[in-house]
Amino acid sequence: MNRYKLLHFEELTSTNEYAKRYGRNNEVIVAKRQTGGKGRLGRSWSTEEGEAIAMSICLVPKVDVSAVSMLTLVAAMAVREALSEHEVMIKWPNDIIYNNKKLAGILTEMITEDNRIKTVVIGIGLNVNVCEFPQDIRNKATSMYLETGKTYDMQKIIDDILLSFAKYYDIFLKTSDMKLLKEEYNNSLINYNRLVKAISSGEKMTGTALGIDDDGELVIRKNDGTIISIRSGEVSVRGIDGYV
Ligand code: BTN
């Protein structure tokens, strides 16, 4: 049984923006087209009709504000599981990778009042039947269609993601962290045991990613041997994102 109420729209500027304004707990906003979709770090994310999933899950979790960023990781696990017939991997914190290219991205946002959560919105953009990407992102982005030559029923994928998300979210809520999920997460992590370049809080570093810890932070053994963990930031993996 799906616990979520799906609200479908022909067109929205951004499902995340709509969800932040009007979304209620356990509602999922889905749009066929997004005219002003948003990615992380102020980037844009467009969605053309019939080509890609643009969905935002609205939640009001009883967790501390500091735990919310981990919901990106929970959502990434759900997307990976929904696509488990395919060799997709998670790139910390928010990308889903297929054959070394980005298939999906996740943008988690929240609205707080007096440091209490009013709404958390987990936006998922997944390239399903996209036939062609603009030249500038062609070597970095991919779709299910481009990787397999097949087209997919997007509603079925949405339902599968939500089924998996409910499962992982309930596990997450038991501890309000990644303690019970980190092993499975790390097994799907493309960064795992690989050389990474990271920029966190303005500091640039290179090292080997050792997986996430209980708080969902990426643990990195820097080239000088020191171990650090980063909560957010940009991480590029050797061989992906042009980091070679
Ligand atoms: C990223 O990788 O930068 C995150 C991309 C997130 C895109 C999705 S599409 C649905 C939802 N609505 C938005 O405006 N953004 C997210």
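A residue counts as buried when its relative accessible area is under 20%, as exposed when that area is over 50%, and as partly exposed in between. Glutamate 11 has a relative accessibility of 41% and therefore counts as partly exposed. The structure to which this residue belongs is a predicted model, and the paragraphs below lead through it from the whole protein to single residues.

The protein contains five helices and twelve strands. Its radius of gyration is 17 Å, close to the 18 Å that the globule rule gives for 244 residues, so the protein is as compact as a globular protein of that length. Along the principal axes, the C-alpha atoms fill a box of roughly 50 × 45 × 30 Å. Of the 244 residues, 50% count as buried. Among contacts with a separation of 6 or more, 58% are made by residues 24 or more positions apart.

The surface and the charges may be considered next. The accessible surface of the protein comes to about 12000 Å², and carbon and sulfur atoms account for 46% of this area. There are 32 positive and 33 negative side chains, and the centres of these two sets lie 2 Å apart.

The path through individual residues begins again with glutamate 11, which lies in strand E1, formed by residues 5-12. Lysine 32 is 21 residues away from glutamate 11 along the chain, yet the C-alpha atoms of the two are separated by 5.9 Å. Leaving out residues up to four places away in sequence, glutamate 11 touches Arg33 and Thr35. With arginine 33, the link involves the side chains of both residues, which are joined by a polar contact of 3.0 Å.

Lysine 32 appears once more in the surroundings of glycine 50. This glycine is located in the loop between strand E2 (27-34) and strand E3 (52-59). Is glycine 50 buried, partly exposed or exposed? Its relative accessible area is 39%, and glycine 50 is therefore partly exposed. Apart from residues up to four places away in sequence, glycine 50 touches Lys32, Asn129 and Met154. Between glycine 50 and alanine 31, which are 19 residues apart along the chain, the C-alpha separation is 10.0 Å.

Threonine 72 is part of helix H2, which covers residues 70-82. Because its relative accessibility is 9%, threonine 72 counts as buried. When neighbours within four places in sequence are set aside, threonine 72 is in contact with Pro93, Asn94, Ile106 and Thr108. The side chain of threonine 72 is also joined to that of threonine 108 by a polar contact of 2.7 Å.

Proline 93, one of the contacts of threonine 72, lies in the loop between strand E4 (88-91) and strand E5 (95-98). Most peptide bonds are trans. The bond from tryptophan 92 to proline 93, however, is cis, with omega near -5°.

Tryptophan 92 leads on to asparagine 191, since these two residues touch. Asparagine 191 is placed in the loop between helix H5 (182-187) and strand E8 (195-200). Its relative accessibility is 0%, so asparagine 191 counts as buried. Beyond residues up to four places away in sequence, the residues that asparagine 191 touches include Ile90, Lys91, Val196, Ala209, Leu218, Val235 and Val237.

Two further asparagines draw attention to the backbone. Most residues other than glycine have a negative phi. Asparagine 99, in the loop between E5 and strand E6 (101-113), has a positive phi near 45°. Asparagine 115, in the loop between E6 and strand E7 (116-127), likewise has a positive phi, near 60°. Asparagine 115 has a relative accessible area of 60% and is therefore exposed.

The path ends at asparagine 223, which is found in the loop between strand E10 (218-222) and strand E11 (227-230). Because its relative accessibility is 58%, asparagine 223 counts as exposed. Which residues does asparagine 223 contact when its neighbours within four places in sequence are left aside? They are Thr206 and Gly207. The side chains of asparagine 223 and threonine 206 form a polar contact of 2.8 Å. Leucine 180, by contrast, is 43 residues from asparagine 223 in sequence, and their C-alpha atoms are 29 Å apart in space.

How values were computed
Residues are numbered from 1 along each chain as its sequence is written. This is a predicted model: local features need pLDDT of at least 70, side-chain atom pairs count only at pLDDT 80 or more; totals for chains, interfaces and linings use all residues. Side-chain values use heavy atoms; hydrogens and water are left out. Helices (H or I, at least four residues) and strands (E, at least two) are DSSP runs, numbered from the N terminus. Buried means under 20% relative accessible area, exposed over 50%, partly exposed in between (1.4 Å probe, protein chains only). A polar contact is a pair of N or O atoms within 3.5 Å; within protein, one must be able to donate a hydrogen and the other to accept it, and residues adjacent in sequence count only if both atoms are side-chain atoms. Contact means heavy atoms within 4.5 Å. The radius of gyration is taken over C-alpha atoms; the globule rule is 2.2 Å times the number of residues to the power 0.38. Accessible areas come from the Shrake-Rupley method with a 1.4 Å probe; for residues, only the protein chains shown count as cover. Lys and Arg count as positive and Asp and Glu as negative; His and the chain ends are not counted. The place of a charge is taken as NZ of Lys, CZ of Arg, CG of Asp or CD of Glu.
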